[in-house]
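Here is a short report on side-chain packing and charge pairing in one protein chain. Keep the structure open beside the text.

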Amino acid sequence: MQSRLRVHGHPIQPMLVTFPFGLFVCATLFDLFELAGGPAFLGEVGYWTSVAALVAAAMAGVAGMVDLWDVPAGRTRRTAISFNVVNVAMAAIFVVTCLVRADAPRRGPSAALFVTELVAIAVGAVGVALGAHLVRIFDRGRVEAGGLESLGAVTGSTVELRRPSPRPVNG
């Protein structure tokens, strides 16, 4: 499968999908540290990290929907749809936690919101497993050259390798 959205021959969606999950994990860790007795500003940082993750999730979701057009019908397409649905579910859970925290005077988490975030991370872990499965499916059969030669093998690459011309030996 060739993705429609590419940068220098590499699909964008697999790159984008790592940001929301990583940001959601960081937001949950900030909330954990505040609940464990850390400074109160950690809850605020956790909230805004969740908001940034939701923006990143929206961008990754758009890229995923564009790429979904090129996925062949069958089991692979069902896996790709499941991957997108799971990621939307994780983001939806975080939307709920952000909406609950948005009106609070102090945007720190409660224990119930923290547990909700842990559930969202568990749902996201399923998405990570599905995404890894999809990467293995789409990379199957692709052979890459080893070493520096592989840099010039990418279609549409802006990298060109040239051997240095031999210098004459003075003797």
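Phe24 and Phe94 are both buried in this predicted model. Their rings form a stacked aromatic pair, with 4.1 Å from centre to centre and 15° between the planes. Phe24 sits in helix 2 (residues 18-35) and Phe94 in helix 4, so the pair ties together parts that are 70 residues apart in sequence.

A search of the whole structure finds two aromatic pairs. Tyr47 and Trp48 are also paired: their ring centres lie 4.9 Å apart with the planes at 80°, so this pair is edge-to-face. Tyr47 counts as buried because its relative accessibility is 8%, under the 20% cut-off. Trp48, at 45%, counts as partly exposed.

**Nonpolar cores**

Phe24, Tyr47 and Phe94 are among the eleven residues of the largest nonpolar core. Its other members include Leu54, Met90, Cys98 and Ile121. Helix 3 (41-68), helix 4 (75-102) and helix 5 (111-139) each supply at least two residues of this core. A second, separate core has six residues, including Val17, Val71, Ala80 and Leu134.

What does Leu54 touch, leaving aside residues up to four places away in sequence? Its contacts are Phe24, Ala91, Phe94, Val95 and Cys98.

**Salt bridges**

The whole structure holds three salt bridges.

| Acid | Base | N to O distance |
|---|---|---|
| Asp31 | Arg101 | 2.7 Å |
| Glu44 | Arg107 | 3.2 Å |
| Glu117 | Arg101 | 3.1 Å |

Asp31 in helix 2 and Arg101 in helix 4 are 70 residues apart, so their salt bridge links distant parts of the chain. Both Asp31 and Arg101 are buried. Arg101 also pairs with Glu117. That bridge runs from helix 4 to Glu117 in helix 5, 16 residues apart. Glu117 is buried too. Asp31, Arg101 and Glu117 are thus linked in a network of salt bridges.

Are the partners in the bridge between Arg107 and Glu44 buried or partly exposed? Arg107 counts as partly exposed at 21% relative accessibility, and Glu44 counts as partly exposed at 28%. Arg107 lies in the loop between helix 4 and helix 5, and Glu44 lies in helix 3, 63 residues apart.

**Confidence**

The mean pLDDT of the protein chain is 81. Of its residues, 79% reach 70 or more. Among the elements, helix 2 has the highest mean pLDDT, 94. Helix 6 (residues 149-152) has the lowest, 52.

Key: Residues are numbered from 1 along each chain as its sequence is written. Side-chain values use heavy atoms; hydrogens and water are left out. A nonpolar core is a set of buried Ala, Val, Leu, Ile, Met, Phe, Trp, Tyr and Cys residues joined through side-chain atoms within 4.5 Å. Buried means under 20% relative accessible area, exposed over 50%, partly exposed in between (1.4 Å probe, protein chains only). Helices (H or I, at least four residues) and strands (E, at least two) are DSSP runs, numbered from the N terminus. Contact means heavy atoms within 4.5 Å. Rings of Phe, Tyr and Trp (its six-membered ring) pair if their centres lie within 6.5 Å; planes under 30 degrees apart count as stacked, over 60 as edge-to-face and the rest as tilted. pLDDT is the predictor's confidence in each residue, from 0 to 100. A salt bridge is a side-chain nitrogen of Lys or Arg within 4 Å of a carboxyl oxygen of Asp or Glu.
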